[in-house]
Amino acid sequence: MTDAPAPSKLAMVPFVSVAQMMEMVNSIGPRRMMAELADYIEEDFRRWELFDKTPRVASHSPEGVIELMPTSDGETYGFKYVNGHPSNLKRGFQTVTAFGVLARVDNGYPILLSEMTVLTALRTAATSAVAARHLAPKGAKTLAMIGAGAQCEFQALAFQEMLGIEKVRIYDIDPAATKKAVANLADSGLDITACDSGEEAVAGAEIITTCTADKQYATILTDNMVGRGVHINAIGGDCPGKTELHREILLRSDIFVEYPEQTRIEGEIQQLDPDHPVTELWQVITGKAEGRRAPDQITLFDSVGFATEDFSALRYVRDQLDRTGHYTMLDLLADPDDTRDLYGMVRRAKG
């Protein structure tokens, strides 16, 4: 009896598990990791015209949505699998789970497989902070968080690290969620206020982030709650039929988006005419378009999440493998010595 053949080097792909991702985050530090990740996201926005771009491929059901988010810069291909099921919370499941892959374009071989539930939370907060760096009032110190779910603490820490936010005012319709967020941020150095209403949370805030999960046309912010000069990150709306802002707020705001073809389907602007003017964030980052022009301007980042941001996040993680060592080599690809003899490889595996 002969030994079964060992996997070839080409069969092995780096894999980052949830446990390893958490080790990576804690070894680098969540604030620092989001700031470094933000630099990768901004770098790829500056390369925007190189990327394949398509709205994510979505499979909708009454319970939620499952999506694939692919893109490529011509050398590397990436995709994320992600779900969004708001009803999961009541059934003991996560609302959002995800994993992602990077692959070489020249031969199609994967070069990274990673969990992306934790990573998506990091990249979403990092993207919000990137947008705010270009759109929020300079010197802003107070952030209002409407929605204290899984994304809340990441947003607060990213804005603290990247914009110097000092105060965070949190409101959620579930007091237990607010209490959770306040406890998690207790040692952050931020001045945290638990609020009893959305109106209380936005009072005095220069930046407002809405991040709620209900799959419905909701009005988390009404027109009277938004004064002049603020910046809004609307990040909860991410599919058809799901919004957070009153339409009048949109009409008063200068609106910035990732990819209009996707945002008009999934974002806040699904409430507006199909030709309502918006500005793409990459154009602001590269200086092709203006961002904040005046102190009393309301800027709105209508973010639904786009594939290039996940590509950036996966690219960042791959670059940290040697730095942190938090990964496992996974026997993922069938790679016989003779590329034509796949069946022979299976036979030899009997030993």
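1. Let's start in the middle of a sheet. From strand E7, Thr 142, Ala 144 and Ile 146 point one way, Leu 143 and Met 145 point the other way, and all are buried. Buried here means under 20% relative accessible area, exposed means over 50%, and partly exposed is what falls in between (1.4 Å probe, protein chains only). E7 covers residues 142-146, and five of its five residues are buried, so to speak of it as mostly covered is fair. Strands (E, at least two residues) and helices (H or I, at least four) are DSSP runs numbered from the N terminus.

2. A word on provenance before going on. This is a predicted model, where local features need pLDDT of at least 70 and side-chain atom pairs count only at pLDDT 80 or more, while totals for chains, interfaces and linings use all residues. Numbering runs from 1 along each chain as its sequence is written, and side-chain values use heavy atoms, with hydrogens and water left out.

3. Who sits beside E7? Strand E8 (residues 167-171) runs parallel to E7 and is joined to E7 by five bridges; two strands pair if DSSP finds at least two bridges between them. Thr 142 has Lys 167 as its bridge partner in E8. To get from E7 to E8 the chain passes through helix H5 (residues 152-163), a β-α-β crossover that is right-handed. That label applies if, with the strands pointing away from the viewer, the path from the first strand over the helix to the second runs clockwise.

4. E7 also pairs with strand E10 (residues 207-210), again in the parallel sense, over four bridges. Here Ala 144 has Ile 208 as its bridge partner.

5. On cysteines: the whole structure was searched and zero disulfides turned up, the cut-off being a pair of cysteine sulfur atoms within 2.5 Å. Cys 195 is in no disulfide, and its nearest cysteine sulfur, that of Cys 152, is 11 Å away. Cys 195 has 6% relative accessibility and counts as buried. Cys 211 is in no disulfide either; its nearest cysteine sulfur is also that of Cys 152, at 8.1 Å.

6. Salt bridges number 21, taking a side-chain nitrogen of Lys or Arg within 4 Å of a carboxyl oxygen of Asp or Glu. One of them is Glu 36 with Arg 323, whose closest N and O atoms are 3.0 Å apart. This pair links distant parts of the chain, with Glu 36 in helix H2 (residues 30-46) and Arg 323 in helix H11 (residues 307-324), 287 residues apart. Glu 36 is buried at 17% relative accessible area, whereas Arg 323 is partly exposed at 40%.

7. H11 comes up again with Asp 310, which forms a salt bridge with Arg 123, closest N and O atoms 2.7 Å apart. Arg 123 lies in helix H4 (residues 117-135) and Asp 310 in H11, so the pair ties together parts that are 187 residues apart in sequence. Both Asp 310 and Arg 123 are buried.

8. Arg 252 and Asp 223 are worth a look too: their side chains meet in a salt bridge at 2.6 Å, N to O. Arg 252 is in helix H8 (residues 247-252) and Asp 223 is in the loop between strand E11 (217-221) and strand E12 (231-234), 29 residues apart. Arg 252 is partly exposed at 34% relative accessible area, and Asp 223 is partly exposed at 27%.

9. Last, a network: Glu 43, Asp 44, Arg 47, Asp 73 and Arg 315 are joined into one by salt bridges that share partners.
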